Amino acid sequence: MTEPLKALRLVEAMLFASPTPLTEAAIAERLPDGADVPELIDALVEQYRHRGVTLMPVAGGWAFRTALDLAPLLRDAGHIVRRLTRAALETLSIIAYHQPVTRPEIEAVRGVAVAKGTLDTLLEAGWIAPGRRRQAPGRPLTWVTTQAFLDHFGLAGLEDLPSVEELKASGLLDTRPAMAVLPGGTLSGEDGPERPEDEDRE
């Protein structure tokens, strides 16, 4: 067996065995010196291009995932998935697009107080995590998304998030201005009366 083929099989085995996406640096640590990791990855991507599973860039690394066209056929109809509330989806979206962002900034965008249960739900899912404290009075805690968030939504990185124009074109975003950045970097929602927190409690 040639050394390149042996290295290719080793990379394939590592990716199958890993429960999380592997970065090219992590893969290189297990390979002989001089191994061309990008070339090996490209070879596996091509090898699995038309298979039931494909090798995809996920969360800054690489992972095998079910082919996109087959995923709907493999869903278990009897499996009950807890759906996120509108409040949780809005909060997750704001964190994803504006991170690192504080709780008051999230509330300013949404125009409503963030219920503790909303952040707890996202924390339990592993999609958000506390970030650094803001260098401001009171040193408020910021929130950021996690590698698990990227992995779950099949994103290689935050740069793969849909743009505002793409969201509007798909009908997933209201065409009216949804938020603005005020002088000083403070996020603000549309003008209008604020809704009480109770309206968005889970």
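1. Let's start with a definition: a salt bridge is a side-chain nitrogen of Lys or Arg within 4 Å of a carboxyl oxygen of Asp or Glu. By this rule, the count for this structure comes to seven salt bridges. Keep in mind as you look around that this is a predicted model.

2. A good one to find is the bridge between Asp151 and Arg65, where the closest N and O atoms are 2.1 Å apart. This pair links distant parts of the chain, with Asp151 in helix H7 and Arg65 in strand S2 (residues 61-66), 86 residues apart. Arg65 has a relative accessible area of 26%, so it counts as partly exposed.

3. Now try one inside a single helix. Lys116 and Asp120 form a salt bridge, with 2.8 Å between the closest N and O atoms. Because the two are four residues apart in helix H6, about one helical turn separates them. Lys116 is exposed, at a relative accessible area of 55%, while Asp120 counts as partly exposed at 25%.

4. Next come Glu46 and Arg49, whose side chains meet in a salt bridge of 3.0 Å, N to O. Both partners fall in the partly exposed class: Glu46 has a relative accessible area of 48%, and Arg49 comes out at 43%. Salt bridges can also join up, and here Arg86, Glu90 and Arg110 are linked in a network of them.

5. On to the rings. The structure holds five aromatic pairs. In one of them, the rings of Phe16 and Tyr48 have centres 6.2 Å apart and planes at 65 degrees; planes over 60 degrees apart count as edge-to-face, so that is what this pair is. Phe16 sits in helix H1 (residues 3-17) and Tyr48 in the loop between helix H3 (37-47) and S1, so you're looking at a link between distant parts of the chain, 32 residues apart.

6. Is each of those two rings' residues buried or exposed, or somewhere in between? Phe16 counts as partly exposed, at 49% relative accessibility, whereas Tyr48 counts as buried, at 5%. The cut-off for buried is under 20%. Add Phe64 and you have one aromatic cluster: Phe16, Tyr48 and Phe64.

7. Let's turn to the nonpolar side chains. In soluble globular proteins, these tend to be buried together. Here the largest nonpolar core has 21 residues, and the members touching the most others are Leu92, Ile95, Ile106, Leu119, Leu122, Ile128 and Phe149. Two or more residues each come from strand S1 (53-58), helix H4 (86-98), helix H5 (103-110), helix H6 (116-125) and helix H7 (147-152). H4 gives the largest share, five residues.

8. Where does this core lie relative to the two domains? Domain 1 (3-72) and domain 2 (86-170) both contribute residues to the core, so it lies between them.

9. For a close-up, pick Ile95. Leaving out residues up to four places away in sequence, Ile95 touches Val101, Ile106, Leu119, Ile128, Trp143, Val144 and Thr145. Apart from this largest core lies another one, of 17 residues, including Leu8, Leu31, Ile41 and Leu55.

How values were computed. Residues are numbered from 1 along each chain as its sequence is written. This is a predicted model: local features need pLDDT of at least 70, side-chain atom pairs count only at pLDDT 80 or more; totals for chains, interfaces and linings use all residues. Side-chain values use heavy atoms; hydrogens and water are left out. A nonpolar core is a set of buried Ala, Val, Leu, Ile, Met, Phe, Trp, Tyr and Cys residues joined through side-chain atoms within 4.5 Å. Buried means under 20% relative accessible area, exposed over 50%, partly exposed in between (1.4 Å probe, protein chains only). Domain bounds come from an automatic or database domain assignment. Contact means heavy atoms within 4.5 Å. Rings of Phe, Tyr and Trp (its six-membered ring) pair if their centres lie within 6.5 Å; planes under 30 degrees apart count as stacked, over 60 as edge-to-face and the rest as tilted.
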